[in-house]
Amino acid sequence: MPQQKFNLLDVRTALKQGIHLLREANVPSDTLAAELLLLHITRRDRTWLYAHPEELLDPQTIESYFSLLRRRAAGEPTQHLTGKQEFWGLEFDVTPDVLIPRPETEHLIEVALDRLAVRELRSGRDPKLTGEGLTIVDIGTGSGCIAVALAKELPNARIYATDISPAALVVAQRNATRLALSNHIKFLESDLFSAFSASPHQSPATNHQSLLFELVISNPPYIGRKEASTLPVEVRGHEPASALYGGEEGYELYGQLIPQAALHLKPGGLLVLELGHDSLPAVRPLLETPQWTNLLVTNDLSGIPRVLSAERTSA
Ligand SMILES: C[S@@+](CC[C@H](N)C(=O)[O-])C[C@H]1O[C@@H](n2cnc3c(N)ncnc32)[C@H](O)[C@@H]1O
């Protein structure tokens with residue numbers, strides 16, 4: 001194959017050509033993707049991009065940039081090419097072993113913090129939260145984005161983060177360490193709450209079975225396998241199946257998660273769950289039992305019921 005030659009290009013032209021290449025391939029958010037890839041290759045920030053449109057890029061930079069553009073056009077997510085995604089104002093490493101954190105998941109953090117503050121108010125305490133006395137678990141932590149965001153907001157909380165995927169836990173632990181929050185979070189390999197259930201094989205030092213939580217938070221896999229072929233190639237072909245699919249229909253894992261959460265929450269403790277775009281009718285009835293009260297559905301910015309939260313009764 002003949003070696004492709006790259007002439008010098010200025011920043012503005014490189015960006016224009018990048019956007020054009022992605023648009024031709026029907027890549028969503030083509031302008032943002034081209035910008036992020038150019039910033040990644042040049043290790044610059046957005047201010048530089050628009051302050052120096054005439055600056056010439058060297059052939060090596062241009063070649064690397066166009067190589068990433070072609071991979072993006074072929075379906076690789078931008079975040080896998082840059083290795084980064086922002087969530088809750090923090091920068092997370094992402095790899096193909098974890099779900100790329102989505103903006104709608106930030107609603108989970110908002111709902112959890114709001115409801116914890118309301119609980120404090122109701123008890124006549126200061127609603128300004130530090131996390132003092134709170135034990136929290138994030139089930140299916142993936143990149144660690146939920147646990148790490150909560151550790152930032154609630155520095156005195158004791159936080160556990162679990163995942164069934166050891167590879168995801170490596171990424172989550174790395175994020176917590178890089179963001180200087182690893183002292184606040186204990187990462188555990190676990191199938192839902194199995195790490196917190198009695199096991200005769202665990203020594204008391206590693207056995208977390210006696211733990212009861214004030215907050216169980218989770219963004220579980222909730223896409224139906226039957227919908228797989230309708231997903232964009234970026235998702236279907238590049239994100240881990242264990243992070244995407246909750247079963248054939250999608251909502252199956254909630255059927256195990258909710259009863260297990262009821263066993264591991266203190267009376268008055270909170271369950272905060274992310275929902276798929278059509279999960280609510282299947283999931284809400286699981287919380288309409290005597291074990292739960294104060295159900296709340298929170299919509300995302302597109303008006304989709306995105307967060308379902310409830311309080312454990314003392315029944
Ligand atoms: C939708 S992703 C969410 C990742 C991350 N919490 C986020 O919001 O970006 C679901 C995560 O749950 C994990 N998971 C799937 N089944 C699980 C199970 N039975 N027990 C624990 N974690 C599970 C997956 O490995 C994946 O990391």
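These legends walk you through close-up views of a predicted model, starting at the ligand and ending with three helices.

**View 1. The residues around the ligand.**
Start by looking at what surrounds the ligand: the shell has 19 residues. Those that come nearest are Gly140, Asp163, Asp191, Leu192 and Asn219. What kinds of residues make up the shell? Nine are nonpolar, eight are polar and two are charged. Look for helices here too: helix 7 (145-153) and helix 10 (241-244) each supply at least two residues of this shell.

**View 2. Nitrogen atoms of the ligand and their polar neighbours.**
Now move in on individual atoms. Which part of aspartate 191 lies 2.8 Å from a nitrogen atom of the ligand, side chain or backbone? It is a polar side-chain atom. With threonine 141, look to the backbone instead: a polar backbone atom of this residue is 3.3 Å from a ligand nitrogen. Serine 190 also takes part through its backbone, with an N or O atom 3.5 Å from a nitrogen of the ligand. How much of the ligand's accessible area does the protein cover? On its own the ligand has 590 Å² of accessible area, and the protein covers 95% of that.

**View 3. Helix 1 beside helix 4.**
Here is a handy idea for the remaining views: two packed helices can be described by the angle between their axes and by the distance between those axes. Try it on helix 1 (residues 11-24) and helix 4 (residues 59-73). Their axes come within 9 Å and cross at roughly 20 degrees. Angles under 35 degrees count as roughly parallel, so helix 1 and helix 4 are roughly parallel to each other. Their crossing is right-handed.

**View 4. Helix 1 and helix 2.**
Next comes helix 2, which spans residues 30-42. The axes of helix 1 and helix 2 come within 8 Å, crossing at roughly 130 degrees. That angle makes helix 1 oblique to helix 2. The crossing of this pair is right-handed.

**View 5. Helix 2 and helix 4.**
To finish, find helix 2 where it packs with helix 4, at an angle of about 140 degrees and with the axes 10 Å apart. How are these two helices oriented, parallel or oblique? Helix 2 and helix 4 are oblique to each other. Helix 2 passes helix 4 in a right-handed crossing.

Key: Residues numbered from 1 in each chain as written. Predicted model: local features only at pLDDT ≥ 70, side-chain atom pairs only at ≥ 80, totals over all residues. Heavy atoms only, no water. Near = heavy atom within 4 Å. Polar contact = N/O pair within 3.5 Å; in protein donor to acceptor, adjacent residues only side chain to side chain. Areas by Shrake-Rupley, 256 points an atom, 1.4 Å probe, with all protein chains shown as cover. Helix = DSSP H or I, 4+ residues; strand = E, 2+ residues; numbered from the N terminus. Nonpolar A, V, L, I, M, F, W, Y, C, P; charged D, E, K, R; others polar. Axes fitted to C-alpha atoms, helices over the stretch in contact; angles between N-to-C directions. Parallel < 35°, antiparallel > 145°, perpendicular 65-115°, else oblique. Left-handed = near helix turned anticlockwise from the far one by under 90°.
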